[in-house]
Amino acid sequence: MLEAQEAGLVLPRFTYEDAWTLGTLLVGLARERRAPVAIDIRRGAQQLFHCALPGSSADNDAWIDRKRRVVERYGESSFLVGARFRAKGTTFEASSRLDPDRYAAHGGSFPVAVEGAGVIGSVTVSGLPQAEDHALVVEALGLLLSSYDAGDG
């Protein structure tokens, strides 16, 4: 299912305006749910969007950085990377050989993939249980992709 989500959420493009749209979609969804999250969107090394909602903390920014590094290294969602290690009967922390203070294969960071270009960035949410962080990102990316299909983007 996680692999299918990534295959289905490839964007036709990802501009500054698209990052803003995705970020505001995430903020809107999080506010509706009173979710105490921080949100980060990047293209390459450049941060295009960041928002911290009530109830989030600097700790969430640290989690964002750790989860984002997993996406940057593996080119897949942080949730999928963690699931792959668990499927092998181990954990990311025990078997990845990466510093757990710098990398976290917990749900919430998702690759921004563009048709013909591959993974060009990441979108990350932190503040909810990891499956909910992941689901929020997937929902917002689906809404963004639908807006392209509807001709709004």
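## A first look

An angle between two elements here is taken between their N-to-C directions and runs from 0 to 180 degrees, with axes drawn as lines fitted to C-alpha atoms. With that in hand, helix α3 (residues 58–74) can be placed: it lies across β2, β3, β4 and β5, and runs at about 155° to β5. Please keep in mind that this is a predicted model.

## The sheet

Let's turn to the strands. Five of them make an open sheet in the order β1-β4-β5-β2-β3, and their pairing is mixed. At the edges are β1 (10–11) and β3, each of which pairs on one side only. The strand β1 runs parallel to β4 (residues 109–114), and two bridges join them. Here Val-10 has Ala-113 of β4 as its bridge partner. Helix α2 packs on the sheet, where it touches β2, β3 and β5, and its direction makes about 20° with that of β3.

The pair β2 and β3 is antiparallel and is joined by six bridges. Together they form a hairpin with two residues between the strands, and in the turn Gly-44 has a positive phi of about 60°. Arg-43 has its bridge partner, Gln-46, in β3.

## Helix α2

Helix α2 covers residues 16–32, a run of 17 residues. From first C-alpha to last it reaches 24 Å, close to the 24 Å expected at 1.5 Å a residue. At its N-terminal end Thr-15 acts as a cap, with a side-chain oxygen 3.3 Å from the backbone nitrogen of Glu-17. After the helix comes Arg-34, whose phi is positive, near 50°.

Its buried residues are Asp-18, Ala-19, Leu-22, Gly-23, Leu-26, Val-27, Leu-29 and Ala-30. Among the elements that cover them are β2 (38–43), β3 (46–52), β5 (118–126) and α6 (130–149). A helix has 3.6 residues a turn, so residues three or four places apart point the same way.

## Helix α3

Does the length of α3 suit a helix, or what should its 17 residues span? At 1.5 Å a residue the expected value is 24 Å, and the end C-alpha atoms are 25 Å apart, which agrees. The buried residues of α3 include charged-looking names to spot in the structure: Arg-66, Lys-67, Arg-68 and Arg-69, along with Asn-60, Ile-64, Val-70 and Val-71. Just after α3, Gly-75 takes a positive phi of about 70°.

## The nonpolar cores

The largest nonpolar core has 30 residues, and those touching the most other members are Leu-11, Phe-14, Leu-22, Leu-26, Val-123 and Leu-141. At least two residues of this core come from each of α2, β2, β3, β4, β5 and α6. The largest share, eight residues, is supplied by α6.

Phe-14 is a good place to look around. Leaving out residues up to four places away in sequence, Phe-14 touches Ala-19, Leu-22, Ile-41, Arg-43, Leu-48, Val-112, Val-114, Ile-120 and Leu-144. Another core, of seven residues, lies apart from the largest one, and among its members are Val-81, Phe-85, Tyr-103 and Ala-105.

## Asp-133

Asp-133 lies in helix α6. Is Asp-133 buried or exposed? Asp-133 counts as buried because its relative accessibility is 2%, and the cut-off for buried is under 20%. A polar atom of the Asp-133 side chain lies 3.0 Å from the backbone nitrogen of Leu-128. Beyond its neighbours within four places in sequence, Asp-133 is in contact with Val-37, Lys-67, Gly-107, Gly-108, Val-125, Ser-126, Gly-127 and Leu-128.

Definitions and conventions: Residues are numbered from 1 along each chain as its sequence is written. This is a predicted model: local features need pLDDT of at least 70, side-chain atom pairs count only at pLDDT 80 or more; totals for chains, interfaces and linings use all residues. Side-chain values use heavy atoms; hydrogens and water are left out. Helices (H or I, at least four residues) and strands (E, at least two) are DSSP runs, numbered from the N terminus. The expected span of a helix is 1.5 Å times one less than its number of residues. Buried means under 20% relative accessible area, exposed over 50%, partly exposed in between (1.4 Å probe, protein chains only). Contact means heavy atoms within 4.5 Å. A polar contact is a pair of N or O atoms within 3.5 Å; within protein, one must be able to donate a hydrogen and the other to accept it, and residues adjacent in sequence count only if both atoms are side-chain atoms. Two strands pair if DSSP finds at least two bridges between them. A nonpolar core is a set of buried Ala, Val, Leu, Ile, Met, Phe, Trp, Tyr and Cys residues joined through side-chain atoms within 4.5 Å.
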